[in-house]
Amino acid sequence: MVSDGDDFLIGKLKDELSKVQEKIPEVDLTTVFSIVDQLKEAAKPKNNRLHVPKILISILEHVNLQVYIKDQDFKYIFANKKFLATFGFQSVNEIIGKTDYDLEFDKNICKRFNKMYQKMQEEKLPVKREISYYLKSSGKVVYIETHKSPILDDNNEVTGFLGIIEDVTERKSSIQALMHSEARLKNYFLNTNDGIFILDYKFDIVDVNPAAFNITGYDRPYLISKNFFSLFVDNEDLAHFKDACSLVDVNSESHECALISKNNEALKHLKLDLLNVEIDHYICFAYDISDLKRAVKKAEESNKLKTAFLQNISHEIRTPLNAIIGFSNILVQKLYDTEEDADSYKKVIYTNSEYLLGLVNNVLDLSKIETGQTTLYPEDIIIIPFIRNEVLPVIESEKNRLDKNNVELKVDLREVSSDCVVYTDSGRLKQIITNLMHNALKFTAEGHVSLKISETDDLLCFVVSDTGIGIHNEQIGRIFHRFYKIQGDGKGLPVSSQGSGLGLAIVKRLLGLMGGNIKVESEVGKGSSFYFEIPKHL
């Protein structure tokens, strides 16, 4: 008889026999199952030898399992065609009466199998093992699951063994692939910089990864069970996202929403990709695109500034060019009345040419500063000789050029020690002072323009003052913008100040490069004062 543990083996045979009906239609399935149930009797020893009925052999030849029967000496007395094909035998006669050793199977496996048979002889219980095996017939290593059971006679003695071998290579590969895939997904879930939210059918958060904490600023206890939509600003973007979520299926929905970060800090902009993975669960991938949004905004603003810059520069260039071309044409065609008229036209050409050259130089200078191409060349400067010998002669020349005979130049160096030294770029410092003094002279009809310098332990402080027309408070915040010119309003200010509107913009940016700063105080009709300072050591 077959031991009680053979129920599993018989069950396996029954599973396979359900497929036999297609191959043996003349055999009723009920009859086949009945025959299998009689396997215990069919395999009983006959005259002390195991007997395998022909009908059982016929059935076993059609199952999709490798089935064999051995006697008590571990010698084969039966094997089905599936077994023979798997291990490279042409006929059952090649294995009848032989052991695994005789058939030159792997010696280590033979040794393991014999121990299993010996254990079954002692315990009279079936065993199950999974092993890897090299098939000579195919040259491949396969994983097989072996089920072995002792066949017992009426005296409960082992007279043989029934074995079923199942190729589980594909199943094992699938399990390993699934485990590897799960490991990769877990690693991605834990280590990616993208926030991942697992949501239920109500869009309540059921799980989050560490990156989600960093993006939102909230910890896990706060996020779990929180409704996902409650994390975002309730605006039109969120409304569109909600509508899309109600329709999402296996396809991903992508939207942008503004996140309400912890402690109501600055809003973060997130790109959200929602994927329906089950009927009642969603995965949402969150990407922080705040920097990208800021970059886009900055690029848009830069584009607007570029457009405004081109409009301004084209206007600033066209005006002097029109004058130069127009008066040159008059001179070439001798359309003037007197030589005095011709001289005045030449002066207009020269003045506008000089203005145009200054404009181009200022544009190039400002462009280099704003694109980080300006290099400072610091050196030790003794400040008093520098002002007297390098700066004042330029200011005096500018005063005469502007015909400011009613304007007095004042320089106060009393609060600077005679040996005061500053380590900075002398050329740029001279440019800053002369630009400010030039502006002061330009807007002052009478009175004075003064330069006062003082020092502290670490700073050199300058004040450029005038008794000119002054600046309205609402214009003070814009005078350092590119191309901005003080506009008149009928209160003593000129309709439009002469100049490119770049001088103060250059001054402010140069001071920034030199580690300094600037501020202005002004009163309309009384004058203006520009205060700036630079560190003594750049």
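# A walk through a predicted model

Let's begin with a single residue: C110 has a relative accessible area of 1%, so C110 is buried. Before going further, please keep in mind that what you see is a predicted model.

There is another cysteine to look at. Is C420 buried or exposed? C420 is at 2% relative accessibility, and therefore counts as buried too. How many disulfides does a search of the whole structure find? The number is zero.

Now let's step back and take in the chain. It has 538 residues, and 41% of them are buried. Along the chain you can count 17 helices and 19 strands. Next, take the contacts between residues at least 6 apart in sequence: 56% of these join residues at least 24 apart. As for the outside, the chain exposes about 30400 Å², with carbon and sulfur atoms supplying 50% of that area.

On to the inside. As background, nonpolar side chains in soluble globular proteins tend to be buried together. Here, the largest nonpolar core has 59 residues. Which of its residues touch the most other members? They are I383, I387 and F532. Let's pause at I387. Setting aside neighbours within four places in sequence, I387 is in contact with L392, P393, V411, L413, I433, L451 and I453. There is also a second, separate core, made of 26 residues, and A79, F87, I131 and L152 are among them.

Let's turn to the helices, and to how they pack. When two helices pack, we describe them by the angle between their axes and the distance between the axes. I have three pairs for you.

The first pair on my list brings us back to I383 and I387, which both sit in the contact between α14 and α15. Helix α14 covers residues 383–401, and it packs with α15 at an angle of about 35 degrees, the axes being 10 Å apart. Is this crossing left-handed or right-handed? For α14 and α15, the crossing is right-handed. If you want to find the contact on screen, look on the α14 side for residues including F386, E390, V391, V394 and I395, and on the α15 side for residues including L429, I433, M437 and L441. You may recognise I433, since it was one of the contacts of I387.

Next comes α15 with α17. Helix α15 spans residues 426–442 and helix α17 spans residues 503–513; they pack at an angle of about 145 degrees, with axes 10 Å apart. In this pair, α15 passes α17 in a left-handed crossing. From α15, the residues in the contact are R428, Q431, I432, N435, L436 and N439. They meet G503, L504, I506, V507, L510 and L511 of α17.

Helix α17 also takes part in our last pair, with α13. Their axes come within 10 Å and cross at roughly 35 degrees, and this crossing is left-handed. On the α13 side the contact is made by N362, D365, L366, I369 and E370, while α17 brings A505, I506, R509, L510 and L513. Notice I506 and L510 of α17, which were also in the contact with α15.

While we are at α13, which covers residues 339–370, let's find L356 in that helix. L356 has 16% relative accessibility, and it counts as buried because that value is under 20%. Leaving out neighbours within four places in sequence, L356 is in contact with I317, P320, L321 and I324. The C-alpha atoms of L356 and T319 are separated by 9.3 Å, although the two residues are 37 apart along the chain.

Another pair of that kind involves K242, in helix α11, residues 236–245. K242 and F203 are 39 residues apart along the chain, and their C-alpha atoms are separated by 9.9 Å. With a relative accessible area of 37%, K242 is partly exposed.

Finally, a word on the backbone. Most residues other than glycine have a negative phi. Now look at K124, which is not a glycine and has a positive phi, near 55 degrees. Where is K124? K124 is in the loop between α7 (107–123) and β5 (127–135), and it is partly exposed at 22% relative accessible area. N156 also has a positive phi, near 65 degrees. N156 lies in the loop between β6 (140–152) and β7 (158–167), and its relative accessible area of 35% makes it partly exposed.

That's my tour, thank you for listening!

Technical notes. Residues are numbered from 1 along each chain as its sequence is written. This is a predicted model: local features need pLDDT of at least 70, side-chain atom pairs count only at pLDDT 80 or more; totals for chains, interfaces and linings use all residues. Side-chain values use heavy atoms; hydrogens and water are left out. Helices (H or I, at least four residues) and strands (E, at least two) are DSSP runs, numbered from the N terminus. Buried means under 20% relative accessible area, exposed over 50%, partly exposed in between (1.4 Å probe, protein chains only). Contact means heavy atoms within 4.5 Å. Accessible areas come from the Shrake-Rupley method with a 1.4 Å probe; for residues, only the protein chains shown count as cover. A nonpolar core is a set of buried Ala, Val, Leu, Ile, Met, Phe, Trp, Tyr and Cys residues joined through side-chain atoms within 4.5 Å. A disulfide is a pair of cysteine sulfur atoms within 2.5 Å. Axes are lines fitted to C-alpha atoms, for helices over the stretch in contact, and angles run from 0 to 180 degrees between N-to-C directions. A crossing is left-handed if the near helix is turned anticlockwise from the far one by less than a right angle, and right-handed if clockwise.
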